[in-house]
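Colleague: I would like a close look at one part of this fold, the packing of one helix pair. Please start there and then work outwards.

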Amino acid sequence: MSQTLTESPKAGVNLPPTVPAPEERKGLTKKEIAADHPTWCPGCGDFSVLALYFKLIEKRKLWHEKITTVAGIGCSSRFPYFVQAHGAHFIHGRALPFASGISLSRPDLHVFVFGGDGDAFSIGGNHFNHTARKNIKMTYVVMDNWVYGLTKKQTSPTSPLGFKSKTDQWGAVDYPINPMKQAIAAGATFVARTTHSNPNHVLQMMEAAMDHDGFSFIECLSECVEFYEGAFDASNPRKGGVFNLVPADHDVTDEMAAYKLADEPFPGRFGIFLKKPKATKNAKEAEIIRAAREKVTGLKDWQILQKNFDRMK
Ligand SMILES: Cc1ncc(C[n+]2csc(CCOP(=O)(O)OP(=O)(O)O)c2C)c(N)n1
Ligand code: SF4
Ligand SMILES: [Mg+2]
């Protein structure tokens, strides 16, 4: 479902008279979509991701009632608090099942999920795999800072070996997961990588993800200046690092080629690694519902119930 939302499914029919007709309706401005003042530490990478989400909403003329912003728990997961639209700050690691319900029941909405590396790959790791394999339409942005920020510096599943934290005083000994490999292997149909330090690129990736019909995943490096300062310097040209794009001749439908890109050592590549068409669970469920409804066309509710009881005899 493309989200160039310049029209309402109820265009001109059920809108209350105070709401202008769709053609007169202007897109939201940042001022209208920004809610509370973000409570992140000054300099946190998450500010950049939020600002670009506002920009996306402005640019693509998404209206309040067409956006759902969902998150779990963590610094990054505070995201929905700061967006003046419908959304949910849900249980730690459980943002994806909650968002799946929204996506499957309201195909007219675009569902955005934001969260951290702990939320996505520790406690929520199971849900990540299953949402990806089901190809449920939504955009999931993991703001990866390689640490648990909210709980003040524990090792996360993406922390590199040797990272000293409150849970690994002598340095992390567990091998980190690679979010891009994980997403590709789990069956995500859109997999991209970006970094908070390149705003234009973040916006580009979010737009492309939003337009993808399926589960779109973005790993966005987002520095925790409090507990992992300098983690991503090697990917930031302003800090002496390199920002290498996915090669122009990369075939985004080639899963093996995407996996190879994901295997490059840090700072790796930035851009769209994988994008392939595949039927969504949304489309499959819609078909099941359509076929079930067809079977009972013209029947009254009590006749449908009677049919069910007859079948149980
Ligand atoms: C069920 C449950 N377990 C543990 C916690 C404690 N907790 C809150 S946030 C968090 C991890 C946050 O790390 P991450 O998801 O990477 O987000 P960040 O703060 O780094 O953005 C943990 C362990 C919790 N709130 N609920
Ligand atoms: S603790 Fe880290 S992740 Fe959390 S708001 Fe501060 S800088 Fe950002
Ligand atoms: Mg984190």
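At what angle do the axes of helix 6 (residues 179-186) and helix 8 (residues 255-262) cross, and within what distance do they come?

Modeller: First, the ground rules. This is a predicted model, with local features requiring pLDDT of at least 70 and side-chain atom pairs pLDDT 80 or more, while totals for chains, interfaces and linings use all residues. Residues are numbered from 1 along each chain as its sequence is written, and chains are lettered from A and ligands numbered from 1 in the order in which they are written.

Now the pair. Two packed helices are described by the angle between their axes and the distance between the axes. The axes of helix 6 and helix 8 cross at roughly 160° and come within 8 Å. Axes here are lines fitted to C-alpha atoms, for helices over the stretch in contact, and angles run from 0 to 180 degrees between N-to-C directions. Helices (H or I, at least four residues) and strands (E, at least two) are DSSP runs, numbered from the N terminus. The two helices are therefore roughly antiparallel. In these terms, angles under 35 degrees are roughly parallel, over 145 roughly antiparallel, 65 to 115 roughly perpendicular, and the rest oblique. The crossing of helix 6 and helix 8 is left-handed. That is, the near helix is turned anticlockwise from the far one by less than a right angle; clockwise would be right-handed.

Which residues make the contact? Helix 6 brings Met-180, Lys-181 and Ile-184. Helix 8 brings Glu-255, Ala-258, Tyr-259 and Ala-262. Contact means C-beta atoms, placed from the backbone, within 7 Å of each other. By class, this contact has five nonpolar, no polar and two charged residues. Ala, Val, Leu, Ile, Met, Phe, Trp, Tyr, Cys and Pro count as nonpolar, Asp, Glu, Lys and Arg as charged, and the others, Gly among them, as polar.

Stay with helix 6. Its buried residues are Pro-179, Met-180, Gln-182, Ala-183 and Ile-184. Buried means 20 or more other C-beta atoms within 10 Å of a residue's own, exposed means 12 or fewer, and partly exposed is in between. Met-180 and Ile-184 are in both lists: buried, and in contact with helix 8. Just after helix 6, Gly-187 takes a positive phi of about 110°.

Next, the surroundings of helix 8. Asp-254 sits in the loop between strand 7 (244-245) and helix 8. With 14 C-beta neighbours inside 10 Å, Asp-254 is partly exposed. Its C-alpha atom is 48 Å from that of Met-312, and the two are 58 residues apart along the chain. On the other side, Pro-267 lies in the loop between helix 8 and strand 8 (269-275). A cis peptide bond joins Phe-266 and Pro-267, with omega about 10°. Most residues other than glycine have a negative phi, and most peptide bonds are trans.

The loop before helix 6 is worth a stop too. Trp-146 is found between strand 4 and helix 6. Its phi is near 65°, positive in a residue other than glycine. Trp-146 counts as buried, with 25 C-beta neighbours inside 10 Å. Asn-135 also has a positive phi, near 55°. Asn-135 lies in the loop between helix 5 and strand 4 (138-144). Asn-135 is buried, with 21 other C-beta atoms within 10 Å.

For reference, take a second helix pair. The axes of helix 2 (residues 46-59) and helix 7 (residues 199-210) come within 9 Å and cross at roughly 55°. Helix 2 and helix 7 are therefore oblique to each other. Their crossing is right-handed. Helix 2 supplies Ser-48, Val-49, Leu-52, Lys-55 and Leu-56, and helix 7 supplies Pro-199, Val-202, Leu-203, Met-206 and Glu-207. These divide into seven nonpolar, one polar and two charged residues.

Last, the ligands. Around ligand 2 are 12 entries to look up, so here are some: the shell includes Trp-40, Cys-41, Cys-44, Asp-46 and Gly-149.

Conventions
Two residues are in contact if their C-beta atoms, placed from the backbone, lie within 7 Å. A residue is near a molecule or strand if its C-beta atom, placed from the backbone, lies within 6 Å of it.
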